[in-house]
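Here are some comments for a colleague who is about to look through this model. They are meant to be read beside the coordinates, point by point.

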Amino acid sequence: MKFVDQTRIFLKSGPGGNGIVSFRREKYVEFGGPNGGDGGKGGDIVFEAVTGLNTLVDYRYKRHYKAQKGQHGMGKNMTGAAGQDMILKVPVGTQIYDGDQEFIVADLAKEGDRVTLIEGGHGGLGNTHFKSSTNRAPRRATPGGEGDEMWVVLRLKLIADAGLLGLPNAGKSTFLSAVSRARPKIADYPFTTIRPQLGVVGFESNEFVMADIPGLIEGASEGVGLGHRFLGHVERCGILLHLVDGTQEDVVDAYETITNEVNEYGGDLVGKPIIIGLNKCDALLDEEIAEKKALLEEASGATVLTLSGATGGGVPEVLGALWKVINGERAKETERLAREAKALEQKLSGDFDDDEIPSNEWSPLS
């Protein structure tokens, strides 16, 4: 399946049905009075984040989405049926921007997140609504409201436990294929990877998801080489693995290029834990490894791990460092969910502290 992480679509909610003018017609009832029903409400445009989807390819080839219109009112005071809502299912991690990408309309970051983006038009009023003591036979009804319409941009940001960073040809795809069942294209030239890849990594008896994005270049934070879209995919990762090609002459320059782009991009990438790995050490002498590792540690102020994705050397140590951070984040998330569940249980059972009085209870003055 083709991976699509951004597309632009047109949305239109359903118009409401018209109210009608109708009068009761019954034998021996000369003046039956008005009985025109109201029109039904138009359908809404709703987005829902679901699992099982990892691309926006369905929205690449179909660009226009219109919700169902409400039915017109009928006699005997029968209200028209409401238009069916159009529920658009998108992958978890999808962001919805306005058509010009100036602001975020909605962020569907968790499974089950729903947002009603456009509401359908209201139903028109039948002539029964206009009956009064002075106007017993009104011949007036109102039309249904028009549906709203807008262009939006859908942008998918992959949600993974760990993300890979590095210049083109730094060995990210080789590393991902070595630690997971993902089979990205691997070749000895830059920009072999042209779209993000996901892989499930097994470490001891544990599993986590790793994202490999295409190589970044200088100016990526300003959109050069689709840098904004690529950086967005690792924005939600819990930890980043920055791979530096050890066969390069200036490894410090390679490290600083990526670091500067991450800092310029900002957002949730700033302050995110990063592990630095000196890759392709199988092609280096021990003296070269020691020298380049020392240079990177001096430039970064952090410990640098040495590895080779091709031979597997040093890979278990890197996975262990990644898992240590990921496991800690998962423990925090589990603790947070447990607190929320306990608070909800107390709220539903009415188990409050002695000094806490629910806002919907009346307390007499002493």
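The numbered points below take up the sheets, one helix and its packing, the aromatic rings, and two loop residues of this predicted model.

1. I would begin with the open sheet of six strands, whose order is E10-E11-E9-E12-E13-E14 and whose pairing is mixed. Its edge strands are E10 and strand E14 (304-306), each of which pairs on one side only. Between neighbouring strands of this sheet the turn is 30 degrees on average, with direction ignored.

2. Within that sheet, the pairing of E10 with E11 is antiparallel and extends over seven bridges. For a residue-level check of the register, Val200 has Val209 in E11 as its bridge partner. As general background, the strands of a sheet pair through backbone hydrogen bonds, in either a parallel or an antiparallel sense.

3. Two helices should be inspected together with this sheet. Helix H2 (residues 172-179) packs on the sheet and touches strand E9 (162-165), E10, E11 and strand E12 (239-245), while its direction makes about 160 degrees with that of E11. H6, in turn, lies across E9, E10, E11, E12, strand E13 (274-279) and E14, and runs at about 105 degrees to E11.

4. The relation between H6 and E11 can also be followed through side chains. The structure holds three aromatic pairs, and one of them joins Phe208 to Trp323, with ring centres 6.2 Å apart and planes at 25 degrees; since planes under 30 degrees apart count as stacked, this pair is stacked. Phe208 belongs to strand E11 and Trp323 to helix H6 (residues 315-349), so the pair ties together parts that are 115 residues apart in sequence. Both Phe208 and Trp323 are buried.

5. Does the geometry of helix H5 (residues 286-300) show the expected span, and what is that span? At 1.5 Å a residue, its 15 residues should span 21 Å, and the end C-alpha atoms are 21 Å apart, which agrees. H5 is followed by Gly301, whose phi is positive, near 75 degrees.

6. The two sides of H5 deserve a separate look. Ile289, Lys292, Leu296 and Ser300 are buried in H5, and, seen down the helix axis, the buried residues fall within an arc of 80 degrees, so they line one face of the helix. In general, an α-helix has 3.6 residues a turn, so residues three or four places apart point the same way. The face turned away from the buried side of H5 carries the exposed residues Glu287, Glu291 and Glu298.

7. The buried residues of H5 pack against E12, helix H4 (251-265), E13 and E14. Leu296, which is placed in helix H5, is a good residue on which to examine this packing in detail. Leu296 has a relative accessible area of 0% and is therefore buried, the cut-off being under 20%. Residues up to four places away in sequence aside, Leu296 touches Val244, Val251, Val252, Tyr255, Leu278, Gly301 and Val304. The C-alpha atoms of Leu296 and Asp250 are separated by 9.9 Å, although these residues are 46 residues apart along the chain.

8. There is also an open sheet of three strands, with the order E4-E2-E7 and mixed pairing. Here the edge strands are strand E4 (86-91) and strand E7 (114-118), each pairing on one side only, and the twist from one strand to the next averages 30 degrees. Strand E2 (residues 45-50) and E4 run parallel and are joined by six bridges; Val46 has Ile87 in E4 as its bridge partner.

9. Finally, two backbone angles merit a check, given that most residues other than glycine have a negative phi. Gln101 has a positive phi, near 60 degrees, and is placed in the loop between strand E5 (94-98) and strand E6 (104-108). Glu204 likewise has a positive phi, near 55 degrees, and lies in the loop between strand E10 (197-203) and strand E11 (206-212). Is each of these residues buried, partly exposed or exposed? Gln101, at 41% relative accessibility, counts as partly exposed, whereas Glu204, at 71%, counts as exposed.

Conventions
Residues numbered from 1 in each chain as written. Predicted model: local features only at pLDDT ≥ 70, side-chain atom pairs only at ≥ 80, totals over all residues. Heavy atoms only, no water. Helix = DSSP H or I, 4+ residues; strand = E, 2+ residues; numbered from the N terminus. Buried < 20%, exposed > 50% of the residue type's maximum accessible area, 1.4 Å probe, protein only. Phe/Tyr/Trp six-rings, centres within 6.5 Å; stacked < 30°, edge-to-face > 60°. Pairing = 2+ DSSP bridges. Axes fitted to C-alpha atoms, helices over the stretch in contact; angles between N-to-C directions. Contact = heavy atoms within 4.5 Å. Expected span 1.5 Å × (residues − 1). Arc of directions from axis to C-beta.
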